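User: Could you take a close look at the salt bridges for me? I'd like to see which residues pair up and where they sit.

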Amino acid sequence: MSEERSGSRIVTLVGVPFARVGQEFIFLGGTRKCEDCRLRNTCLNLEEGRRYKVENVREGIKHECPLHEDGVCVVEVVEAEIEAALEARKAVEGSKIMFEIPSCDKWECDFYDLCHPVGLKNGDKCTILSVFDVNKTCPVRGNLLKKVLLKRNIGSRK
């Protein structure tokens, strides 16, 4: 897989409507239409299931695409920071943690999406960037949870 990196930024292609600084998206991978495309290596150089944020749009560079009606633009992206829920005792700003998704089927819980954040996987090593003053007692385990902002430590997942 060929990746052009500028610092921690990754140069890739996104559909024109998504080519805005600050736009976040989940990379879902390619489709059959991508298999024979000459831009495939640049378009599909992100990790599936990860959340990315557009940091820079390279103006004036647009390509035709069989998937995106308006074509694709060259952008620089980084992995986005992700809000999640952690046990309160582990929620210490600046700490490094191994993220574990709890086994839980309480979809109605206010914290369900935070306990199962899109973009993080079991075993991801992350740094806690912020701890918010938002608490909830887990209805399954009974422990106190806190809302945090995480940044995955890239290259640290085995």
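Analyst: Happy to help; here is a walk through the salt bridges, ending at a neighbouring residue. Please keep in mind that this is a predicted model, in which local features need pLDDT of at least 70, side-chain atom pairs count only at pLDDT 80 or more, and totals for chains, interfaces and linings use all residues. Residues are numbered from 1 along each chain as its sequence is written, and side-chain values use heavy atoms, with hydrogens and water left out.

The whole structure holds 13 salt bridges, each being a side-chain nitrogen of Lys or Arg within 4 Å of a carboxyl oxygen of Asp or Glu. Let's start with Arg 152 and Glu 79, whose closest N and O atoms are 2.5 Å apart. Arg 152 belongs to strand 9 (residues 144-152) and Glu 79 to strand 5 (residues 72-79), so this pair ties together parts 73 residues apart in sequence. Strands here are DSSP runs of E with at least two residues, helices are runs of H or I with at least four, and both are numbered from the N terminus. Arg 152 counts as buried at 8% relative accessibility, and Glu 79 is buried as well, at 9%. For these words, buried means under 20% relative accessible area, exposed means over 50%, and partly exposed lies in between (1.4 Å probe, protein chains only).

Next come Lys 121 and Glu 47, which meet in a salt bridge of 3.3 Å, N to O. Lys 121 sits in the loop between helix 2 and strand 8, while Glu 47 sits in the loop between helix 1 and strand 4 (51-63), so the pair joins parts 74 residues apart in sequence. Lys 121 is partly exposed, with a relative accessible area of 26%, and Glu 47 is partly exposed at 31%.

These two pairs come together in a network of salt bridges that links Glu 47, Arg 50, Glu 79, Lys 121, Asp 124 and Arg 152.

Glu 83 and Lys 147 also form a salt bridge, at 3.3 Å from N to O. With Glu 83 in strand 6 and Lys 147 in strand 9, the pair ties together parts 64 residues apart in sequence. Glu 83 is partly exposed, with a relative accessible area of 36%.

Both of these residues touch Phe 132: leaving aside neighbours within four places in sequence, Phe 132 is in contact (heavy atoms within 4.5 Å) with Glu 83, Lys 146, Lys 147, Val 148 and Leu 149. Phe 132 lies in strand 8 (residues 125-137) and is partly exposed, at 28% relative accessible area.
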